[in-house]
Amino acid sequence: MQRINSLSEYFKKYELSEKNPESFWSEIADSFTWKKKWDKVLDWDFENVSINWFQNAKLNITENIFERNLKERGDKTAIIWEPNDPNESPIHLTYKKLYEETCRFSNALRSKGIKKGDRVIIYMPMVPEAAIAMLACARVGAVHSVVFAGFSSTSLADRINDCQAKMVLTSDGNFRGSKTIPVKSVVDEALEKCSTIESVIVLERTKQAVEMFEGRDFWWHDCVSEETNICDAEVLDSEDMLFILYTSGSTGKPKGVVHSSAGYMVYSAYTFQNVFQYDENDIYWCTADVGWITGHSYIVYGPLLCGATTVMFEGVPTFPNVSRFWDIVDKFKINQFYTAPTAIRALQAHGLEPLKNNSLESLKVIGSVGEPINEEAWHWYHDNIGKGNCPLVDTWWQTETGGIMISALAGITPNKPAHASLPLPGIHPVIVDPEGNELVGNNVQGNLCIKFPWPSIIRTTYGDHQRCINTYFSNYKGMYFTGDGVKRDHDGYLRILGRVDDVINVSGHRMGTAEVENAINEHEEVIESAVVGYPHDIKGEGIYAYVIINSQSSDDKVKGEIVDVVRRVIGPIAKPDKIQIVSGLPKTRSGKIMRRILRKVASNDFGNLGDTSTLLNPDVVEEIINGAN
Ligand code: WT7
């Protein structure tokens, strides 16, 4: 895999990627194994959103993980798994063993009738089998859609129905900190609302009692016991779907972001290698969950394509105590550590005491992802975890981009606190004003767009291509719109300012305000609600809900019930942090809620509420201010 070694080389590659993107990308793609090479590197159209990378090439991504790596790295550890309970033994899976387990499970999938193109839902805890499940789907050409195991049965059912999945892979339960969480029973509940699922394969993890439905449900260990550890990889076209991952947007239900085989493979591997500057014997750890894109690209695919050793952690940073992350770093001598600002802030709040027995001296690179990292957290992370001498890569990207887009290259790009810094080679960001004019030069601020395709760009939103066009390619003609605000500073470094649409980022998780409102509105006494984000010390943004109710019960009782409803409809991650019962919402004469005002009140920023003269009901503003939490 090509690796950039100096800043001057970075600038050289960047220039090449601008002048001759096809030659830039084909050189990188050359280091992979292809069943058939491409006829043309790139063919694209941002108007109808038809994007073809490595046209007509044939491949299987798992052959690039296994067959391509096995000769040199068969006995190298591919995955180190650290269980929730530190007293349970970790598991080290070599490339050879992971390959065999993947083949075995691929055969099991085929035995259950899974074929190329079928959608398979993965709703599993952070165990090696979750990675094996993904890889086995990829091996047989099935399209996986991983659903974070913290989502509710309703959210799970919505995703199953949207992609018409044929199978669910799950576990009996999930160990998370001191809790044991039911998983299979959530699947059972979801499947009451689904008709496309033919079978469910259940991994035994917690050994809690579960119901198994005859003819539909099978134990993982039974499914693999009869299978061999050899399995031919399905030959896929470069643009065949690799996976669907659901993510929240500013309107309606989550969208199924579709990634395709070749482009995603090339981009996830290239960015992993270059951003983290991975060396052959390094141990790399990303703390994300495989239910999010970070887990897909930088726990599973990117590292394994590069022959890296990747750590998977089942538990949480606070169990059995708040030293857990640092204990794991020392235990496995982690060299690259990649986490979210929310985790940093939460641990920072415990001070330096939890670090006093940890050396952390193995660390070479530390990374941040998922939300803007504030300067205070940046310095704390850099000084106390990186000991002032590890480059900190602040990586900006999205589910839709498939891989890291804007980031320092570790040890190469000069660090600048709280700045994602420079685009990777091949990425051409532009800053636009609301009218779509490109703002050139330094010291400008606006909306972040990308004007040229990269290999792992979103191909479509599953089942609704028009939605993909409307959401990402219609705001600004000829460009992909990210939904983020950005500033280019006097040095030309980029600083991400956060979402400019109705999406909030809670602990690095993307949440559509409309989605949370819809959940709140399911409470029978709720008449209307409006949800906004507000600055939260740990979570980055908290969820603030304004709710109009028609109720005889006490406000406190209803508030508690609203929290329960959201937990039930979406999952605990979407629970409102603050709920304010109001008699009305500030609306324009055309009936649109003026969220700008609600955001200011939620942020305790009452001073300048801006122009309220166009409001239909200006009186309600006073009431909202007086009742603010
Ligand atoms: C949104 C994408 C990328 C994987 C995890 C989240 C925000 C992401 C950064 C960063 C500032 C960031 C953006 C983006 N975001 N990384 N380094 N600095 N903001 O993926 O759920 O698709 O969310 O996360 O607002 O649009 P996602």
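**View 1. Polar atoms at the ligand in the predicted model.** A polar side-chain atom of Asp484 sits 2.5 Å from an oxygen atom of the ligand. Asn505 also places a polar side-chain atom by a ligand oxygen, at 3.5 Å. Glu371 uses its backbone instead: an N or O atom there lies 3.3 Å from a nitrogen atom of the ligand. Taken alone, the ligand exposes 550 Å². The protein buries 95% of that area.

**View 2. The shell around the ligand.** Helix 11 (293–305), strand 20 (392–395) and strand 25 (494–499) each give two or more residues to this shell. The ligand has 17 residues around it. Of these, Asp394, Thr395, Thr399, Asp484 and Arg510 come nearest. By type, the shell holds 6 nonpolar, 6 polar and 5 charged residues.

**View 3. Glu400, a buried residue in a loop.** The loop in question runs between strand 20 and strand 21 (429–432). Glu400 has a relative accessible area of 0%; the limit for buried is under 20%, so Glu400 counts as buried. Its side chain makes a polar contact with the side chain of Tyr472 at 2.6 Å. The Glu400 side chain makes another with the side chain of Arg510, at 2.7 Å. Arg510 is also one of the residues that come nearest to the ligand. Beyond four places in sequence, Glu400 is in contact with Thr247, Val257, His259, Ser456, Ile457, Ile458, Tyr472, Tyr480 and Arg510.

**View 4. The largest nonpolar core, with Trp25.** This core has 122 residues. Trp25, Trp34, Phe54, Phe105, Leu169, Phe276 and Tyr301 touch the most other members. Take Trp25 as the centre of the close-up. Setting aside neighbours within four places in sequence, Trp25 is in contact with Val41, Trp53, Phe54, Val266, Tyr267, Tyr270, Pro425, Gly426 and Pro455. Phe54, one of these partners, is itself listed among the residues that touch the most other core members. A second core, separate from this one, has 45 residues. Its members include Ala157, Ile160, Ile543 and Val558.

**View 5. Thr77 in strand 4.** The strand covers residues 77–82. Thr77 has a relative accessible area of 19%; buried means under 20%, so Thr77 falls in the buried class. Not counting residues up to four places away in sequence, Thr77 touches His92, Leu93, Thr94, Tyr95, Ala308 and Thr309.

Terms used
Residues numbered from 1 in each chain as written. Predicted model: local features only at pLDDT ≥ 70, side-chain atom pairs only at ≥ 80, totals over all residues. Heavy atoms only, no water. Near = heavy atom within 4 Å. Polar contact = N/O pair within 3.5 Å; in protein donor to acceptor, adjacent residues only side chain to side chain. Areas by Shrake-Rupley, 256 points an atom, 1.4 Å probe, with all protein chains shown as cover. Helix = DSSP H or I, 4+ residues; strand = E, 2+ residues; numbered from the N terminus. Nonpolar A, V, L, I, M, F, W, Y, C, P; charged D, E, K, R; others polar. Core = buried A, V, L, I, M, F, W, Y, C linked by side-chain atoms within 4.5 Å. Buried < 20%, exposed > 50% of the residue type's maximum accessible area, 1.4 Å probe, protein only. Contact = heavy atoms within 4.5 Å.
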